[in-house]
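Hi,

Here is the structure I promised to pass on to you. Have a look at it first, and my notes follow just below.

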Amino acid sequence: MADKVKELLDKVLEWWNKFTAKQKTIIISASAGIILIIAILIAFLTRPQYVLLLNCETTKEAAEVTELLDGGSINYQVSDDGYQIEVLKSQQSDANLLLGANDIQSAAYSIDNVTSGGFSTTESDKQKKYQLYMETRLEKEFIEKFSAIKSASVELSIPENDGTLISTEEEAFASILLQLNGEFTTDNAAYLARAVATAIGNTTTNNVVILDTEGNMLFSGDDNYTTSGLANSQLNVKTQAESLVKNEVKRVLLGTKEFDNIEVASNLVLDFSTTDTTEHTYTPADGQTQGVLSHEDVYSSDSTNSNGGVPGTDSNDQTTYVMTDNANSSSTVTEESRDYLPNETITNASTPAGRIDYDASSVSVTGIVYNVVREDDAKSQGLLDGISWGEYKAANTGRTKVDVEAEMYNVVANATGINADAITIVAYSENVFFDSEGLNVTATDVIQILLVVVILALLAFVILRSMRGEKERDVEEELSVESLLQSTPIVELESILPENESETRKMIDRFVNENPEAAASLLRNWLNEDWG
């Protein structure tokens, strides 16, 4: 591994040594410029963003706030005059909660931001400021007080008050997105919707929509069906019950992933009569045929009377002894009085008004399945051969009926308690067309592409410049024979050559003897020209 690293370093060093000092300077300057541009972009994109937290009235108040921020490990910066305190945007909510816990109201949602302004501030500007103030107040001081809500995002649409009667009767719209960290039921969402509607001055919750970050619809304007809802009439009770059934049917059918859109209509039959039933049950104690004996009175009398014979022995059948003249008598009297305490069970049953008669109720459901058709996909599949995209859309616009499986009826029946025979489900398939979007390049993408192009252009410039300098150096080294001969100084030496040799040959021999290296280079050039 070390040998490979050393070999790689040697190659890089060899490549670097090929450049001249000027070329190295250009490369280093271009690299430094690229690094500087990247550093500037990184610093610009990642620099901390501070937002105003509080405008302090005194420096003493500013000192107290900074002490709280230091204790809460919140980054901040103070203005030169010491009155304005700014914190990191990512820590703004933590700073607001910290100040709120210490009874200090931050400037993030102060009402002063709404009413303040110069001569150029219009009523429309104040209306927008008030809307922002209400959104921030609902997010920070109201909604996030719920323990199950981690954070909230509120979007309000408050109608402009132009002084007309119609504008004063219009209600505002509220869209709330919740990030939850605990259980938050639809009943909780209904309570929150009622509170938000009251805070923004609405008399109903029809214009309030609540969702969570998972895409679940917790409350919509027409879903005011909680058990705590107040019904002023039988029609309101029926409406609330039907809304509950509608929501349950939507939930279970969308959960099957078979439909993209569900519309539900229910006809519930409610019994508004109130019935009170009292049932008494008497049972004897174990092992007895009657109840427990509480009291018993028993009186009995028995007597017998009869006539006697004549005194003396006349009345005797046999004369044995003397009989008295008394008569015989008997009497019997019986009187009984018993009280029993039987075991008694008393059951009171009260049937409230508004009971749903499921046997007489019915539900109708319409489901739509959307088929996404993109222009690019249609072209690749050959669907647009011979026709235009507009003609294809016109020919395939419309709905196609889809068969519904029997399990869907059972799903609705189990969710509502209504018999499957009283449930009607109709499903359709509908095409949704999307035109070709093109390149879809944003400004950020353009900046990134330009930055890459600039960097590549600088690198190409450096490489081309270095290659051109290398070629110029090679050309300069390839000198002609005449220039070499002319540049060679003539030295008066005693010639030992024969007299019949030409003057040109003498000059060549003298050049070879005095400049052997130049002669060898010249010979190599001749050979390359001849054999190249």
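In this predicted model, strands β15 (residues 362-374) and β17 (residues 423-434) run parallel to each other and are paired through twelve bridges. If you want a spot to find that pairing on screen, go to Val372, which sits opposite Val432 of β17.

Strand β17 also pairs with β16 (residues 399-402), here in the antiparallel sense and with four bridges. Thr400 is a handy landmark for this one, as its opposite number in β17 is Ser429.

Next, a residue in a helix. Val249 is part of α9, the helix that spans residues 234-255. Is Val249 buried or exposed? Its relative accessibility is 0%, so Val249 counts as buried, the cut-off for that being under 20%. Apart from neighbours within four places in sequence, Val249 is in contact with Val264, Val365, Val412 and Thr416. You can also check the spacing to Ser266: it is 17 residues from Val249 along the chain, and their C-alpha atoms are 9.9 Å apart.

Finally, something on the surface. Ile37, Leu41, Phe44, Leu45 and Val454 make up a nonpolar patch of about 450 Å². Which helix gives the most to the patch? That is α2 (residues 21-46), with four residues. Leu41 is located in α2, and because its relative accessibility is 31%, Leu41 counts as partly exposed.

Happy browsing, and do write back with any questions.

Best wishes

Notes
Residues are numbered from 1 along each chain as its sequence is written. This is a predicted model: local features need pLDDT of at least 70, side-chain atom pairs count only at pLDDT 80 or more; totals for chains, interfaces and linings use all residues. Side-chain values use heavy atoms; hydrogens and water are left out. Helices (H or I, at least four residues) and strands (E, at least two) are DSSP runs, numbered from the N terminus. Buried means under 20% relative accessible area, exposed over 50%, partly exposed in between (1.4 Å probe, protein chains only). Contact means heavy atoms within 4.5 Å. Two strands pair if DSSP finds at least two bridges between them. Patches are made of residues with over 30% relative accessible area and no salt bridge: like charges are joined within 9 Å, nonpolar side chains (Val, Leu, Ile, Met, Phe, Trp, Tyr) within 5 Å. Accessible areas come from the Shrake-Rupley method with a 1.4 Å probe; for residues, only the protein chains shown count as cover. A salt bridge is a side-chain nitrogen of Lys or Arg within 4 Å of a carboxyl oxygen of Asp or Glu.
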